[in-house]
Amino acid sequence: MSWLKNNPVTVIGLAGISIFLFHLHIIPVSIMEARNFITAREMITEGHWLLTTMNDLPRYQKPPLPSWITAIFGLLFGIDNVIGLRLPAMLMAILLAYMGYRLSFKLVYDKVHSLINALILLSSFYIIAITNEAPWDIYAHGFMLCGIYFLYGFFRSNDHKWKNSLLAGLFIGLSFMSKGPVSLYALLLPFLLAYGFVFKYKGFGQHRKQLPLVALILLATAIGLWWFVYVRLADPDAFLAITEKETANWSSYNVRPFYYYSSFFVQSGIWTVPALLSLLYPYLKNKVSHNKEYLFSFLWTIFSVILLSIIPEKKSRYLVPVLIPLAINTGFYLEYVIREFKSSMNLKEKIPVYFHFGLLGLVGISFPLVAYFILKDGIGPFWGYYIASSLGLTIIGTLLFLKLKKQQIFGCFLLSIAMIAAIKILALPLLGAVEKNSEFKSISNLKSSVAKKGLEVYSFGEIAPELIWDYGSYIPTLKNKEDINIPEEKMFYVLVFPVEENEFKRIFEPKYTYNLKTVYDLNHHAKPGTKGHKNRLTSNLYIVQKR
């Protein structure tokens with residue numbers, strides 16, 4: 001245990017590797033990943049490094065930095081290597097936890113406390129989920145936390161003013177180049193508000209920081225905006241159309257009520273109970289070891305939630321920046337519990353702790369039975385992983401109860417991290433035992449198949465990004481918002497999105513014959529007609545011939 005406390009960075013690295021770097025190929029490519037991967041692929045295959053595209057059409061909705069990084073890893077490991085393409089986002093998540101440790105240490109000057117904060121951040125549910133669901137977010141918030149770390153040093157210390165200001169400007173600019181102003185608004189702005197409220201920028205004007213601050217702002221602006229200026233000048237029509245649509249989405253797309261994020265702490269996953277208790281400021285303010293820093297993390301979290309709640313467009317994944325200050329805030333509560341559980345905490349205070357770690361222990365012990373009940377029909381090829389995960393999680397669950405009985409809360413905390421790691425390393429492959437969609441059919445072989453016949457493939461209507469990614473290159477579109485383009489060839493293939501079926505037949509029926517060749521379905525588990533089946537992941541392949 002003493003080794004863990006004395007080597008926090010090594011512990012973060014080992015936990016990060018365990019949670020993020022195993023089995024990167026198992027989870028299917030999501031829609032957001034597909035968009036990023038397609039853009040990266042077209043940078044390499046089509047040379048679209050600056051005027052970025054998706055399916056050979058302008059893709060200016062998001063800045064290109066994550067796609068550039070992904071493309072570089074694609075060049076290193078292969079553009080179709082999902083493991084290689086996912087690797088940088090996973091490394092970014094580990095960097096996020098490391099910077100969480102560094103910032104926490106600046107706040108509390110305590111290695112163990114800072115380690116607790118970093119491990120909470122590393123193991124929070126949506127931090128893990130977002131690395132597969134939307135890589136842009138992890139880059140934007142990871143770079144921004146780096147910027148905030150140096151910005152905090154710039155505000156609090158009179159040493160290294162230029163170094164801290166320039167590095168803060170660099171990383172804030174890189175964050176803007178990852179997802180525009182999202183992290184600026186949801187992570188940096190609430191940080192600045194909380195810092196001003198708690199620390200009041202004391203002494204800022206007395207130590208000649210004005211010029212480094214100007215340099216910080218200019219550097220962040222130059223790095224963050226140069227690509228937008230370039231695209232605005234190089235392709236103004238497409239840029240303005242996309243900007244107008246994206247801006248309208250903020251107030252008209254996926255609109256939710258103000259209170260939609262009221263249960264934001266649930267996104268921390270296994271830390272839901274401690275996260276909720278850490279938000280009880282009147283209860284905790286005189287119990288934590290650093291009152292002012294606790295108030296700072298509390299306000300940083302609350303301001304972030306409020307600012308996100310103001311925006312009409314809301315999605316669960318938009319809460320990711322909140323999880324960063326929330327992890328620090330939760331750490332204050334858990335540090336208090338670890339420090340005082342045996343000595344000063346009364347029974348009422350202990351009940352949530354027993355409930356939290358007892359529930360995790362129950363999950364571990366019950367895993368073999370629950371997993372077998374759910375997966376028994378498909379578990380055959382995965383017996384090795386089932387036995388290993390069952391054994392590992394049962395041991396962890398049992399140890400949790402033993403540590404809880406001995407009131408060794410730090411041990412319970414570390415076992416919680418071990419449980420997440422065991423799930424990722426040993427249990428995640430069991431997804432292969434989940435019932436398969438018998439109609440599943442990949443589109444990956446179509447390109448080589450039609451190339452042998454010397455025919456082109458087109459799409460009619462919008463094809464899902466996952467299908468385009470699976471196909472292997474861009475697919476020319478016959479129908480867009482303005483018009484319909486009929487190929488000149490006498491014979492060609494057309495992929496038709498189901499909702500476009502009638503329109504496709506109406507357009508081609510007079511002068512062409514068409515025959516359905518096959519149906520591609522990228523739903524891995526949900527069968528057609530079932531609740532989880534997504535029609536957007538299907539496409540009908542027609543061979544079309546001029547009469």
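Ten salt bridges are found in this structure, which is a predicted model. As a reminder from general chemistry, side chains of opposite charge can pair when their charged atoms come close. Three of the pairs are set out here.

| Salt bridge | Closest N and O atoms |
|---|---|
| E33 and R86 | 2.8 Å |
| K287 and E349 | 3.6 Å |
| E503 and R506 | 2.9 Å |

Let's take these pairs in turn. E33 and R86 form a salt bridge that links distant parts of the chain, with E33 in helix α3 (residues 31-46) and R86 in helix α5 (residues 82-108), 53 residues apart. Are the two partners buried or exposed? E33 has 1% relative accessibility and so counts as buried. R86, also at 1%, counts as buried too.

The salt bridge between K287 and E349 again joins distant parts of the chain, 62 residues apart. K287 sits in the loop between α14 (281-284) and α15 (291-310), while E349 belongs to helix α17 (residues 347-375). Here K287 is partly exposed, with a relative accessible area of 27%, whereas E349 is buried at 10%.

E503 and R506 offer a local example. They are three residues apart in helix α22, so about one helical turn separates them. With 25% relative accessibility, E503 counts as partly exposed; R506, at 54%, counts as exposed. Elsewhere, salt bridges link D137, K179 and R317 in a network.

**The sheet and its helices**

Helix α22 also brings us to the sheet. Four strands make up this open sheet, in the order β3-β4-β6-β5, with mixed pairing. Which strands form the edges? They are β3 (457-460) and β5 (512-521), each pairing on one side only. From one strand to the next, the twist averages 30 degrees. In general, strands of a sheet pair through backbone hydrogen bonds, either parallel or antiparallel.

For a closer look, follow β5 and β6 (residues 538-546): these two strands run antiparallel and are joined by nine bridges. One place to find the pairing in your viewer is V519, whose bridge partner in β6 is N540.

Two helices meet this sheet. Helix α20 (residues 446-453) lies across β3, β4 (491-496), β5 and β6, and runs at about 165 degrees to β4. Helix α22 (residues 501-508) packs on the sheet as well, touching β3, β4, β5 and β6, and its direction makes about 5 degrees with that of β6.

**Nonpolar cores and helix α8**

Now to the nonpolar side chains. The largest nonpolar core has 131 residues, of which L119, F191, F296, W300 and F413 touch the most other members. Helix α8 gives this core its largest share, 13 residues.

What does F296 touch, leaving aside residues up to four places away in sequence? Its contacts are L107, F191, A194, Y195, V198 and F199. Another core, of 27 residues, lies apart from the largest one and has V29, M54, Y471 and L541 among its members.

Helix α8 (residues 135-156) deserves a look of its own. This helix has 22 residues and reaches 32 Å from its first C-alpha to its last, close to the 32 Å expected at 1.5 Å a residue. Of those 22 residues, 21 are buried, so α8 is largely enclosed by the rest of the structure.

Note on methods. Residues numbered from 1 in each chain as written. Predicted model: local features only at pLDDT ≥ 70, side-chain atom pairs only at ≥ 80, totals over all residues. Heavy atoms only, no water. Expected span 1.5 Å × (residues − 1). Buried < 20%, exposed > 50% of the residue type's maximum accessible area, 1.4 Å probe, protein only. Pairing = 2+ DSSP bridges. Axes fitted to C-alpha atoms, helices over the stretch in contact; angles between N-to-C directions. Contact = heavy atoms within 4.5 Å. Core = buried A, V, L, I, M, F, W, Y, C linked by side-chain atoms within 4.5 Å. Salt bridge = Lys/Arg side-chain N within 4 Å of Asp/Glu carboxyl O.
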